[in-house]
Amino acid sequence: MANEPQTPRNSDTYDVIVIGGGPAGYPAAIRAAQNKLSVACIDEWKNRDGTYAFGGTCLNAGCIPSKALLESSELYHRAQGEFATHGIRISEAKLDLAQMQKRRASIVRTMTQGILALFKAAGVTPLTGHGKLLAPGKVEFTASDGKKRTLSAKNVVLASGSTPIELRSAPFKAPEIVDSWGALEFDAVPKRLAVIGAGVIGLELGSVWLRLGAEVVVLEALPEFLAIADQQLAKEALKHFKKQGLDVRLGAKVTGAKVAGGTVEVTYTDAQGEQRLSVDRVVVAIGRRPYTQDLLAPATGVQLDERGFIKVDEHCRTGVEGVWAVGDCVRGPMLAHKGKEEGVMVADLIAGLYGEVNYKVIPSVIYTAPEIAWVGQTEEQVRASGRAYKTGVFPFLASGRARAMEQTAGFAKVLAAQDDDEILGVHIVGPLAGELIAEAVLAMEYSASSEDLQRTIHAHPTLSEAVHEAALAADKRAIDNINR
Ligand code: FAD
Ligand code: AMP
C-alpha cells in the first residue's frame, strides 16, 4: 500500500529529491517514502533502443546482464564438458546466442520495470530526465522532452553513479573496441578477444566469451593477479582460469590499439619488451570513474576530490546542508550493495532515524567459475597490521556436496586473531562462494569469533560446511580434512 506523504505538496515540491535511479538512488527513494517523506527520483538512463529505464548501470549494463550471461555461458560450458561425467549423453550442445541475448535483455527489462512497480507501491514519483543541483534545496529537472522545471526539496540525494574509464592508448571505437556494456551485447562470438584489465569486470566478461568459444587474452598491467584479493585465493583462482584456457598475461601494459579491416592490432609492453596481438574485438575494462557531468551548478558548495568523487563524510553528508551523495559517485568500493546501504542510511538519517554503514564489512564477489568472494582483511593486510593471527583452510575437494555437484575446485579460508579469536577475514574460492560469504558477513557484523562459527551447526551435506570446517581448521580441529 502506498505510504501517505507527510508534506502536502504541489507537484514541484518534495521532502526528498534523489538524482540517479541506480542501486544507490532507487533504494534511497524507496526508504525515504517508507519513512513517510514525499520523494521524487530523477533518472536519465537511456538504453540503446532509445528507451529510458531506471536501475542505472547495475540493472541495465552491469550486475544483472553480466550475471545472466555468466549463468547461460556456464550452463553451455558444463553441458559440453561435464554432462557426460554425470552420465547424461547429449548429441551436441549448440549455441543460440540470439536466444541467450534475448533472455538477458528480457531479465533486464523485467527488473528495470520492477523498479517502477516498487516506486508506485511505495509512493515515489519517478521523473525521467536530467537532474541538476542548482543550490541547496533547488533542482533543475529537464524532462526527456526537453522541458525544464525547477523543483524544491529540503533534502537532495546525489546518486549519479559512474562510467567506464577510457584508455587513452585504446580509445573506444565500436564495434571493435568496446566498454563492458558493449561486451555484454555482442551479437556474435568473437573468434579472438582481448580484455584489457584483469579486474572483476574483465574476468567476468572474459569468462563469458571464453565459455562461448572465443580465444580470450586478458592483459593486466600489474604484475600481481587480483592484487586486491587475498593472494592465496588469487593464486588458486588463476590456476583454474588458466586450466580453462583463459590466457592471462600479467605485467602487460597496453600501449596502443589500431583498428584496420575489422581487426585490432593491440600493442603492449611486458618484461620482454614490446608485444603485439591481433584480435577481432577488444574490451576495455580498466575501471570506472565517478560520473558528475552537468550535475552541479557552479556555486552549490558541493566539492569534488582530486579523482572526481563527490566529497562526503562517513554518513554521506556533502558538507552542504541538505545535500547528500551515495554510491559510485562517492569514495569506497564501486559495488551495488555498498551504494544501496548508503542510500538507505541517508534516507533514514533524513527522517531523523538511526543510520550507519559498516564499511569494514562489505563483501566482494567475482562471479567466475570457480566463484570468488571475500569479506574483511586479506592475509597480506592482517600480516601488515602486525596483529598475530591464525588461518584455517578447507578445500572443496573434501566436501561431499561439492563432489556431488562436480565442483571441487577451490577452498574456504578463515583468518582469526590469535589473541581474542575475532574473525578478521573470510575468503572463498569455489562453488557459490558469493552465497556462502553471507554467513561470514553476518558473523563479522556481530563481531563473531572463529569459535562462534565452529559451534554453529551447519546442515550436511552443504557447501557451507566448508566455512564451518575452515573455522575449525583455524584451531587445528577440522574433522573432515586430513591436512588440518
Ligand atoms: P549507477 O548504477 O551508475 O546509477 C546512476 C544512475 O544515475 C544512472 O541511471 C544514470 O543515468 C543516472 N544519472 C547520472 N547523472 C544523472 C543526472 N544528472 N540526472 C539524472 N540521472 C542521472 N556491482 C556489484 O555489486 N555486483 C556485481 O555483480 C557487479 N557487476 C558489475 C558488472 C559490470 C559489467 C559493471 C559495469 C558494473 C558492475 N557492478 C557490480 C558495479 C555496479 O554496477 C555499480 O557499483 C552500481 O551500479 C553503482 O550504483 P549507483 O546507483 O551508484 O550508480
Ligand atoms: P578494476 O578496477 O577492478 O575494474 O580493474 C581494472 C584493472 O585494469 C586493474 O587491475 C588495472 O591494473 C588494469 N589496467 C589499467 N590500465 C591498464 C593498461 N593500460 N593495460 C593493462 N591493464 C590495465
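Glycine counts as polar here, while Ala, Tyr, Cys and Pro are among the residues that count as nonpolar, and Asp, Glu, Lys and Arg count as charged. Keep that in mind for this predicted model.

Q: How do the residues of the shell around ligand 1 divide into nonpolar, polar and charged?
A: You get 16 nonpolar, 16 polar and five charged residues. Among the closest are D43 and K67, plus G131 and A336. Asp and Lys belong to the charged class, Gly to the polar one and Ala to the nonpolar one.

Q: What makes the pair between D328 and ligand 1 a polar contact?
A: A backbone N or O atom of D328 sits 2.8 Å from an oxygen atom of the ligand. The cut-off is 3.5 Å between N or O atoms, so this pair counts.

Q: What about H130 and ligand 1?
A: Here a side-chain N or O atom of H130 is 3.4 Å from a nitrogen atom of ligand 1. That is within 3.5 Å, so it's a polar contact too.

Q: How much of ligand 1 does the protein bury?
A: Taken alone, the ligand exposes 1,000 Å², and the protein buries 95% of that.

Q: How do you know that β20 and β21 pair?
A: Pairing takes at least two bridges. Six bridges join β20 to β21, so they pair, and they run antiparallel. In this pair, K413 stands opposite H427.

Q: Why are β17 and β19 called edge strands?
A: In the open sheet, the order is β17-β18-β21-β20-β19. Both β17 and β19 pair on one side only, so they are the edge strands.

Conventions:
Residues numbered from 1 in each chain as written. Chains lettered and ligands numbered in written order. Predicted model: local features only at pLDDT ≥ 70, side-chain atom pairs only at ≥ 80, totals over all residues. Heavy atoms only, no water. Near = heavy atom within 4 Å. Polar contact = N/O pair within 3.5 Å; in protein donor to acceptor, adjacent residues only side chain to side chain. Areas by Shrake-Rupley, 256 points an atom, 1.4 Å probe, with all protein chains shown as cover. Helix = DSSP H or I, 4+ residues; strand = E, 2+ residues; numbered from the N terminus.
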